[in-house]
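The exercises below walk through one structure step by step, each with a task and a worked solution. Please keep the sequence and the 3D view open while reading.

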Amino acid sequence: KENEENDPNIQAFDDVKFHGGDFLGIVEKMDHLESMGVDAIWLSPIFNMRHEDFHGHGAYHGYWLHDMEAIEPYFGGEEDLKILASEMETRQWNLILDMVYNHVSFDSPWVTQKPTWFHEAKSIENWNDPYERTHYQVHGLPDLAQEKPEVYEYLYTKSLYWQNYANVKGFRLDALRHMENDFLRRLSIDLHSEVQDFWLLGEDFTGSPSEIDHRARLSGLDALFDFPMYYAMTDVFCHQKSIYSIGTTLSSSRGYPKNLQLVTFLDNHDLPRIASICTPKMRDQALFFQFLLRGLPMVSYGTEFGSLGDKEPQNRKPINWEDEPILAPLIHDLTQLRKDHPVLETGTIEIIDITSQFLFFAQKTETEIAYIAINMDDEEKQINIPNPAVGFQTVNQQLVRMSPKNETDSTLLWMLPSQEVGVWFSSSKMESTVNMIDVRFEIEAPMDKPLYVIGSAMEIGGWDPNQALALKKEGSIWTAKIQISSDAVIYWKTLSKSGDDIIWENGENRILFQEELINISLMDN
């Protein structure tokens, strides 16, 4: 139910038009959200915005802002935002606003009224050039110069005003890749100095763990979306790719700043719906795994209904409230599982075993251990867990308790079926066997131009050719040594450089796991 008085131009039949949703409609559906265990809502941009299409692209998403002077009337305006904020405060929920600091709409009044507020009107051509990414226009949108005092002052004071107006608990910051870290750090410092327990969540749209690490350290933000894990999870559960992608991502993420929160997700407004790229069973297994991961899980609206859409605007369709929210009970159970076992949010990771089709790792705190396994093999897998323990898996959209196959005084033996995820909770002390080891590369290659090792780990460049590990030539053998955790899972390969040219090794990525000597030949490569 929405307030039809704020719907002057609703065209519900058109996917790229405004459909009438507003703040009071959210209030009406709060019981539905609460039934799933929701405790925070992230809204799309809510400020004055463009309404008309632009060359066939709809403006309904809100990212084409005019200014931050007022709340968009289509959504109910300031009064209805107050009502929503009050209802959320009553339920002790957190309200997260989407802040667009990088750009404004093509027809924002600022373009003519404040022309000095913008960078030069050039479109990004080289997306790998950091200057172009942060100073040129994204899809022709006027690019704000946040480094200018008058621009920063406006963005900061308006942000502070709306935070106070609606008792906002956090901001989601759009398009980090197109803004300077100096601006983000200054904004973070200033907002945190004014607002107690405030939360800044950034969207850095990259699948590279090294870039996430770099952003976290330089921006000073509290949290980042875990895009690398999104790509890894969808690769494994939806596209039947090697499970090493999840292992290497988990391994790399352990090097992130200790205070960084990771927000996991399986779909959002810029990506395909999980139900459009996964089978129903694998969608459920992926959702289960997401809720077992460290950090905070985010669920996009409509996921509980199995909403479809492989690209924009189909992936942004409104919910049909006459449909059954088939995944809502499972999401409720998974939310409760996390409340019952805080180790899932804060545990530190140790990888126990991994192959291309099987992953077994632990998340540990001082009082509890969660053992987590993914079995994508064709056969069931035997899992040994210290006794006592309790295990769970998800079957037919339900979280179910598992029964051990055999039991001894010290160990429980469980069988994890093919194509399923399992978790076991134990209070028994896990004796860690993880330590630091030296890994030596010995690569035979008949070449004179410099040879390097590069890969997913920061020690070998984090896939950045400029940070690749240089090998030392000894005859026809090239050598180097790194020190890593003994349970590290690393993708790697070689590359050579000739002037400005970078020549990557052909073929699939190589895997490093529990090896102290890497001895290969590139004679025929």
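**Exercise 1: a buried charged pair and its network**

Arg172 counts as buried at 1% relative accessibility, where buried means under 20% relative accessible area, exposed means over 50%, and partly exposed lies in between (1.4 Å probe, protein chains only). Before going on, note that this is a predicted model, in which local features need pLDDT of at least 70 and side-chain atom pairs count only at pLDDT 80 or more, while totals for chains, interfaces and linings use all residues. Residues are numbered from 1 along each chain as its sequence is written, and side-chain values use heavy atoms, with hydrogens and water left out.

Task: find which salt bridge joins the side chain of Arg172 to Asp174, and state which residues are linked with them in a network.

Solution. Step one is the criterion: a salt bridge is a side-chain nitrogen of Lys or Arg within 4 Å of a carboxyl oxygen of Asp or Glu. Step two applies it, since the side chains of Arg172 and Asp174 meet at 3.0 Å, N to O. Step three looks at the partner, and Asp174 is buried as well, with a relative accessible area of 8%. Step four widens the view: Asp98, Arg172, Asp174 and Glu203 are linked in a network of salt bridges. A search of the whole structure finds 27 salt bridges.

**Exercise 2: a link between distant parts of the chain**

Task: describe where Glu211 and Arg177 lie and how far apart they are along the chain.

Solution. The side chains of Glu211 and Arg177 form a salt bridge at 2.8 Å, N to O. Glu211 belongs to helix α8 (residues 209-219), whereas Arg177 sits in the loop between β3 (170-173) and α7, so that the pair links distant parts of the chain, 34 residues apart. Helices (H or I, at least four residues) and strands (E, at least two) are DSSP runs, numbered from the N terminus. As for accessibility, Glu211 is partly exposed at 33%, while Arg177 is buried at 18%.

**Exercise 3: two helices in contact**

Task: give the distance and angle between the axes of α6 and α7, and then list the residues that meet.

Solution. Two packed helices are described by the angle between their axes and the distance between the axes. The axes of α6 (residues 149-165) and α7 (residues 181-194) come within 11 Å and cross at roughly 35 degrees; such axes are lines fitted to C-alpha atoms, for helices over the stretch in contact, and angles run from 0 to 180 degrees between N-to-C directions. On the α6 side, Tyr152, Leu155, Tyr156 and Leu160 meet Phe183, Arg186, Leu187, Asp190, Leu191 and Glu194 of α7, where contact means heavy atoms within 4.5 Å. The residues of this contact divide into 7 nonpolar, no polar and 3 charged, with Ala, Val, Leu, Ile, Met, Phe, Trp, Tyr, Cys and Pro counted as nonpolar, Asp, Glu, Lys and Arg as charged, and the others, Gly among them, as polar.

Arg186 and Asp190 also form a salt bridge with each other at 3.9 Å, N to O. Being 4 residues apart in helix α7, Arg186 and Asp190 are separated by about one helical turn. Arg186 is partly exposed at 42%, and Asp190 is partly exposed at 21%.

**Exercise 4: parallel and antiparallel pairing**

Task: state the order of the 7 strands in the open sheet and name its edge strands.

Solution. The order is β1-β2-β3-β4-β5-β6-β7, with parallel pairing. The edge strands are β1 (40-42) and β7 (296-297), each pairing on one side only; two strands pair if DSSP finds at least two bridges between them. Within this order, β5 (residues 223-225) and β6 (residues 261-264) pair in the parallel sense over 3 bridges, and Ala223 has Gln261 as its bridge partner in β6.

Elsewhere, β17 (residues 436-444) and β21 (residues 477-485) pair in the antiparallel sense over 9 bridges, with Ile443 opposite Trp478.

**Exercise 5: backbone exceptions**

Task: locate the cis peptide bond that joins Asn387 and Pro388, and describe the phi of His55.

Solution. Most residues other than glycine have a negative phi, and most peptide bonds are trans. The bond between Asn387 and Pro388 is cis, with omega about 5 degrees, and Pro388 lies in the loop between β11 (381-386) and β12 (390-395). His55 has a positive phi near 50 degrees, and His55 is exposed at 71% relative accessibility.
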